[in-house]
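Dear colleague,

I am handing over the structure below, together with notes on what turned up when I went through it. Please read the notes with the coordinates open beside them.

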Amino acid sequence: MTSIRRAVVTLPAAELGPDNPLPPLSPLDEVHHVEDRDLEDLPRDMARQIRYEPLRSLLPVRVRDGYGRRRAPRDVDALVLENDRLAVTVLPSLGGRIASLRHKPTGRELLYRNPVFQPANFALNGAWYSGGVEWNIGATGHTALSCSPLHAARVPAPDGGGMLRLWEWERLRDLPFQVDLWLPDGSDFLYVGVRVRNPHERPRPLYWWSNIAVPEECRVLAPADAAYHFGYERRLRRVPVHDGADRSHPLDSTHAADWFYDVPAGRRRWIAALDADGHGLVQTSTDALCGRKLFVWGTGPGGRRWQEWLTEPGTGGYCEIQAGLARTQLEHVRLEAESEVSWLEAYGPLDAPRDGAWPDVVREAEARLSAALPRAAVDAAYAAWQSRADTDPDEVLATGSGWGALEVLRAGWKLPGTPFPEETLGEEQEPWRELLRTGSYPEPRRVRPPGPSLVAPHWRDMLETAPATPSAEYHLGVAQWHAGDHAQAVRSWERALGLAPSLWPLLRCLAVADRLAGHRERAADRYAEAFDDLCRERRDDGEAWTAASAALGREAIGALLAAGRPAAARAVWERLGPEIRARGRFRLAEAALLLAEGRREAARAVLDDDLEPADLREGADDIDRLWARAGDGPLPARLDFRMRPEGT
């Protein structure tokens, strides 16, 4: 019979560290967007969904950039779902990811299983890690829940056995979701039922992609003759899948790229990755999950460096096969008010010939999938699962955040099957519960960096009618800024300056406003003043204050250098403390500072050192630009993270 049990996975792991305490006020730095010139050549519905509600801000989510690259053995709590055919390992504290899918009769691992846990700056809000199957909800890119805990519980499965339910409140789009995993007795396929609900009175943009990492030495098959190609040159174009250049082998691509398969209407939705012997993984679903995609890192030096960066060198690379709610990941679909969307996915082994002409191998793979798991069986499993989707959990196995509980407490929503009990509220939610209960946002009892802000219209309305305390004005300004009312946000922060015991959070917000408005000198002044105030106020060398110093110091140095004031930037650098200055991201800041001081050889020495900027952003060109100013000759391989062809 199917069982669900607790387990522990031990692996070399970097610490996640604290979140960045500064609210992310700047526009979203997103590399996945299409140039306007391409939209006219796309199908009308695709162009409309690309334009529909792209994410503009990370608020109310915080940036996760406190991790490093020093790994040590660490125990990670896991939940194992198992029958006589498959063993599925899920990590509820790390986004509910499926870390392993092992086929017991053959002993084969069907996924790419990362031997380490190494966060990198790929999620919308920073920390993300590679491997397994991840559930991407929110907006184009990797979910802000990549490294966050999800609620987990045991629920009765449609066949009477056990089912593992994962659920959380996705905060970027303000939507609750659930992921139900179960293994029918004797089944070679894992079933995954997914539901996203919109309890609000207005429509919400919705994004979902299930990302499946598999070893890259494979051939990827999907039922399509054409695909939409997207690379880091930000062009989206429709191309044949097989026109003499076979794009189904990940290691035949030079640069990192996405291939979104144009699956014809009415065709069964599936995608498979097969190794040289024709063994591998297939994923299929009900038709609502219509998109299929292949992501490759490519064989160029940048792609290979990223593969090493995300795991241990010499352990093999990966590609991703994916399934989503639209044809491309650049689109968002509309989830109507007070409605929901759901579907069923199935994951399992597939044996089929992989070599030969594209139409022939696709036809044979689809026939073998139909024999192993008929399309009608998936539809029947979906119907059976729907009868259990509202069933309340039997046994809680893991606890996620308290943000869902706060929203349910505020609105009184009933969400059968996904309870968000009040006892899950924590320290971060407590002042907001106080605002909800009393109409006043409480002032902190001790001096510390401010807690997270909430920015949804209902919270902004409550802050506008609350007593104008410094904390209320600070959070109100953040909410107004998120709503696009920048002038009113500035007025709220300026009002709080005359009353607040802590000035640096307000000065920093005003500095960002100045910087984005093009007032470099005033932004530099406010950043310098904010950092001085933080240094006076800092109470200890604990995690919270160190995170605040690092975050504000980094922004201040950048603003001061942009204003042509290297001496003031040097003063900030010297007060950061040796532990912060030793981090890779601050070594890059040091190189920029040395160049601004005219010390090119010293800057080159920093880049020649074995620096490792842990939060190097996907698609960023920081190192390229610094090397061009400080280095001689080509960019060294250890610093080459370029993801697009030269000249683009």
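**Aromatic residues**

One aromatic cluster is formed by Tyr112, Phe122, Trp128, Phe295, Trp297, Trp306, Trp309, Tyr318 and Phe641. Please bear in mind, here and throughout, that this is a predicted model. Over the whole structure, the search finds 22 aromatic pairs. One of them joins Phe122 and Trp297 in an edge-to-face arrangement, with 5.8 Å from centre to centre and 80° between the planes. This pair links distant parts of the chain, since Phe122 belongs to strand 6 (residues 120–123) while Trp297 sits in the loop between strand 21 (291–296) and helix 3 (301–310), 175 residues apart. Phe122 counts as buried because its relative accessibility is 4%, and Trp297 is buried as well, with a relative accessible area of 2%.

Trp504 and Trp545 form a tilted aromatic pair, 6.4 Å centre to centre and with 55° between the planes. Trp504 lies in helix 11 (residues 504–516) and Trp545 in helix 13 (residues 543–562), so this pair ties together parts that are 41 residues apart in sequence. Trp504 has a relative accessible area of 1% and is therefore buried, and the value for Trp545, which is also buried, is 4%.

**Nonpolar cores**

The largest nonpolar core has 85 residues, and those with the most contacts inside it are Trp135, Leu181, Leu190, Trp208 and Tyr261. A second core, separate from that one, has 43 residues, among them Leu22, Leu506, Leu510 and Leu593.

**A buried strand residue**

Ile321 is found in strand 22 (residues 318–324), and its relative accessible area of 0% means that it is buried. Leaving aside residues up to four places away in sequence, Ile321 touches Ser210, Asn211, Ile212, Val214, Val220, Ile271, Ala272, Ala273, Leu281, Lys293 and Leu294. In the case of Leu294, which is 27 residues from Ile321 along the chain, the two C-alpha atoms are separated by 4.7 Å.

**Helices and their packing**

Helix 8 (residues 457–465) has His458, Trp459, Arg460, Met462 and Leu463 as its buried residues. What covers them includes helix 6 (403–411), helix 7 (430–438) and helix 9. Within helix 9 (residues 470–482) is His475, which counts as buried because its relative accessibility is 2%. Not counting residues up to four places away in sequence, the residues that His475 touches are Trp432, Tyr441, Gly451, Pro452, Ser453 and Leu463. Leu463 is thus named both among the buried residues of helix 8 and among the contacts of His475.

Further along the chain, helix 16 (residues 584–596) packs with helix 18 (residues 622–630) at an angle of about 35°, their axes being 11 Å apart, and the crossing of these two helices is left-handed. On the helix 16 side the contact is made by Leu588, Ala591, Ala592, Leu595 and Ala596, and on the helix 18 side by Ile623, Leu626, Arg629 and Ala630. Sorted by class, the residues of this contact are 8 nonpolar, no polar and 1 charged.

**Backbone points to check**

Most residues other than glycine have a negative phi, and most peptide bonds are trans. Which backbone geometry does the peptide bond from Leu59 to Pro60 have? The bond is cis, with omega near 10°, and Pro60 is found in the loop between helix 2 (44–51) and strand 2 (71–82).

Glu53, a residue other than glycine, has a positive phi, near 50°, and its place is likewise in the loop between helix 2 and strand 2. Its relative accessible area is 43%, so Glu53 is partly exposed. Asp174 also has a positive phi, near 65°, and is found in the loop between strand 10 (162–170) and strand 11 (175–182). Is Asp174 buried or exposed? With a relative accessibility of 10%, Asp174 counts as buried, the cut-off for buried being under 20%.

With best wishes

Technical notes: Residues are numbered from 1 along each chain as its sequence is written. This is a predicted model: local features need pLDDT of at least 70, side-chain atom pairs count only at pLDDT 80 or more; totals for chains, interfaces and linings use all residues. Side-chain values use heavy atoms; hydrogens and water are left out. Helices (H or I, at least four residues) and strands (E, at least two) are DSSP runs, numbered from the N terminus. Buried means under 20% relative accessible area, exposed over 50%, partly exposed in between (1.4 Å probe, protein chains only). Contact means heavy atoms within 4.5 Å. Axes are lines fitted to C-alpha atoms, for helices over the stretch in contact, and angles run from 0 to 180 degrees between N-to-C directions. A crossing is left-handed if the near helix is turned anticlockwise from the far one by less than a right angle, and right-handed if clockwise. Ala, Val, Leu, Ile, Met, Phe, Trp, Tyr, Cys and Pro count as nonpolar, Asp, Glu, Lys and Arg as charged, and the others, Gly among them, as polar. A nonpolar core is a set of buried Ala, Val, Leu, Ile, Met, Phe, Trp, Tyr and Cys residues joined through side-chain atoms within 4.5 Å. Rings of Phe, Tyr and Trp (its six-membered ring) pair if their centres lie within 6.5 Å; planes under 30 degrees apart count as stacked, over 60 as edge-to-face and the rest as tilted.
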